[in-house]
Amino acid sequence: SQAGMPAPVQDACQWLLRRDTAPMPAAEAGECLSAAMAAGGGAVQTLETETSWLPAGTYTVAFATTPEFALELNNEELDVHVSIREGRRELRQAGSAVSANPDGTAEEAYAAVMANAAELTVRPERLAGMVASARPVEVAYAAPLDGALFTRISGSFDTAGREAPPDPASGAEIPAGSFTLFLDDYYRPVRIEILGLNQGISSRITAVNSQWGTLPAP
């Protein structure tokens, strides 16, 4: 086992710890990622989007995965601020705050879309849900990134034609696409690349995490 790795992560990430070279079962990859992010406690993320979910730009996200999920997403230039804590999800723009409610007013429904988009790369079950829907998940154990070596997992997903819609907490708004995640020694994602396809329009999301486990909740 890797020194200092929390027991739940060791349990969930046996495939990677064994350095199995076959494609990883997607459900197991999702469980490993979710456990690693939960154990990580939280981080700061730089999120770059060219998407139809969050307006294109660069966002700063401070997030906590324990004891409960919380995030603060900000882009001063676009005046977009999303706050999620204690179950409350809120979009702040032009000095006013709107609660997220998919069944509410147009403004509340828009706030819900933005809150969902803000969660995609930081809420463990959301990212894990995307990974778990892939077929298959390819693993590289010594993938170079910025002069260091990481475990890289990648795959393609298409959620169309599923029996039941995915759980809203875990389901991506992105119906199809591909992902590449670079994981650190504790299998926490340090870089997330998602190429999404929605109604034929491709979009890219790149998220870089730093300071895992060193932060108080936002």
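## Cores and sheet of a predicted model

The largest nonpolar core has 54 residues, and L71 and L73 touch the most other members. A nonpolar core here is a set of buried Ala, Val, Leu, Ile, Met, Phe, Trp, Tyr and Cys residues joined through side-chain atoms within 4.5 Å. Buried means under 20% relative accessible area, exposed over 50%, and partly exposed in between (1.4 Å probe, protein chains only). Helix α3 gives the most to this core, with 7 residues.

This is a predicted model: local features need pLDDT of at least 70, side-chain atom pairs count only at pLDDT 80 or more, and totals for chains, interfaces and linings use all residues. Residues are numbered from 1 along each chain as its sequence is written, and side-chain values use heavy atoms, with hydrogens and water left out.

L73 touches L47, L54, Y59, T60, V61, V80, H81, V82 and A118, leaving aside residues up to four places away in sequence. Contact means heavy atoms within 4.5 Å. Another core, of 6 residues, lies apart from the largest one; A140, A143, L145 and V190 are among its members.

The sheet is open and has 11 strands, paired antiparallel in the order β6-β5-β4-β3-β2-β1-β11-β10-β9-β8-β7. Its edge strands are β6 (96-99) and β7 (134-145), each paired on one side only. Neighbouring strands are turned by 15° against each other on average, direction ignored. Helices (H or I, at least four residues) and strands (E, at least two) are DSSP runs, numbered from the N terminus. Two strands pair if DSSP finds at least two bridges between them.

Strand β1 (residues 42-50) is joined to the antiparallel β11 (residues 201-210) by 7 bridges. The bridge partner of T46 in β11 is V208. Helix α3 (residues 26-40) packs on the sheet and touches β1, β7, β9 (176-183) and β10 (189-198). The direction of α3 makes about 50° with that of β7. Axes are lines fitted to C-alpha atoms, for helices over the stretch in contact; angles run from 0 to 180 degrees between N-to-C directions.

Two peptide bonds are cis. T66 to P67 has omega of about -5°, and P67 is in the loop between β2 (57-64) and β3 (70-75). R135 to P136 has omega near -25°, and P136 is in strand β7.

Positive phi in residues other than glycine:

| Residue | Phi | Place | Relative accessible area |
|---|---|---|---|
| A94 | near 50° | loop between β5 (88-93) and β6 | 67%, exposed |
| D146 | near 50° | loop between β7 and β8 (148-158) | 77%, exposed |
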